[in-house]
Amino acid sequence: MAIEEIDDKLRALLLERITDVFDHPNPGVVFKDIAPLLADPDAFGPLVDVLARFCTAVGADKVAGLEARGFILAAPVALRAGLGFVPIRKAGKLPGPTLTQRYDLEYGSAEVEVQRSAFAPGERVVVVDDVLATGGTVDAALGLLRRAGADVVGVTVLLELGFLAGRSRLEAALGGVPLGAVLTV
């Protein structure tokens, strides 16, 4: 199941609201800033609707959002779809027993974690993030959620940077789970 097609007007609005910040956080990296999109209810509201319909279509029970911009998107998506929300945070941010997963970024490495009690065995979960770049963060999330007992039924992102080939790098980890992107550049 692919994410639904959006009309040209919404596509143009979303793209207009995502700005490029050069050399952030490191030289040579072009950071995709979604803050202007989040500040515009005419862009943010329809985006939440599209992502929520994806979650509903794949039969999710919960939405897991990746820190930090992923859970800025995932929380309203979960609410709109009538689902529970679980944050996947940077290491050391969650109380209680957690599971941790290390991964590589295009500009370094990091660790993410989730609370051990976040999911009942077999709960159907969609991963939501802002940008799919090289796929390292989503790959870490998939492994982490599966170790936590969740059944990952979908991954969706606002923006896929197709030229970085994250989708193809994730193919084995996805194992047939749909990966939807609202926008691809």
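## A walk from Glu 111 to the cores

Start by selecting Glu 111, which sits in strand β6, residues 108-115. Keep in mind as you click around that this is a predicted model.

**Stop 1: around Glu 111.** Is Glu 111 buried, partly exposed or exposed? Its relative accessibility is 34%, and since the partly exposed class runs from 20% to 50%, Glu 111 counts as partly exposed. Now add Lys 90 to the selection and draw a distance between the two C-alpha atoms: you should get 5.9 Å, for residues that are 21 apart along the chain. Lys 90 is also among the residues that Glu 111 touches, once you skip anything up to four places away in sequence. The full set to show as sticks is Arg 89, Lys 90, Ala 91, Thr 100, Gln 101, Arg 102 and Tyr 103.

**Stop 2: zoom out.** Switch to cartoon and you can count six helices and nine strands. The radius of gyration is 15 Å, close to the 16 Å that the globule rule gives for 185 residues, so the protein is as compact as a globular protein of that length. Along the principal axes, the C-alpha trace spans about 40 × 40 × 30 Å. If you have a contact map handy, look off the diagonal: among contacts with a separation of 6 or more, 64% are between residues 24 or more positions apart.

**Stop 3: surface on.** The protein exposes about 8500 Å², with 53% of that supplied by carbon and sulfur atoms. Colour by charge next: there are 18 positive and 24 negative charges, and their mean positions lie 4 Å apart.

**Stop 4: inside.** Hide the surface again; 47% of the 185 residues count as buried. Which residues of the largest nonpolar core touch the most other members? Select Leu 14, Leu 37, Leu 47, Val 126, Leu 158, Val 182 and Leu 183, out of 35 residues in that core. The elements giving two or more residues to this core are helices α1 (8-17), α3 (41-57) and α4 (69-81), plus strands β7 (124-132), β8 (151-160) and β9 (179-184). Colour α3 separately, as its nine residues are the largest share.

Then centre on Leu 14. Leaving out neighbours within four places in sequence, Leu 14 is in contact with Ile 6, Leu 37, Ala 43, Leu 47, Val 182 and Leu 183.

**Last stop: the other core.** Apart from the core you have just visited lies another, of 29 residues. To find this second core, select Phe 119, Leu 132, Leu 170 and Leu 179, which are among its members.

Technical notes: Residues numbered from 1 in each chain as written. Predicted model: local features only at pLDDT ≥ 70, side-chain atom pairs only at ≥ 80, totals over all residues. Heavy atoms only, no water. Core = buried A, V, L, I, M, F, W, Y, C linked by side-chain atoms within 4.5 Å. Buried < 20%, exposed > 50% of the residue type's maximum accessible area, 1.4 Å probe, protein only. Helix = DSSP H or I, 4+ residues; strand = E, 2+ residues; numbered from the N terminus. Contact = heavy atoms within 4.5 Å. Rg over C-alpha atoms; globule rule 2.2 N^0.38 Å. Areas by Shrake-Rupley, 256 points an atom, 1.4 Å probe, with all protein chains shown as cover. Lys, Arg positive; Asp, Glu negative; His and termini not counted. Charge placed at Lys NZ, Arg CZ, Asp CG, Glu CD.
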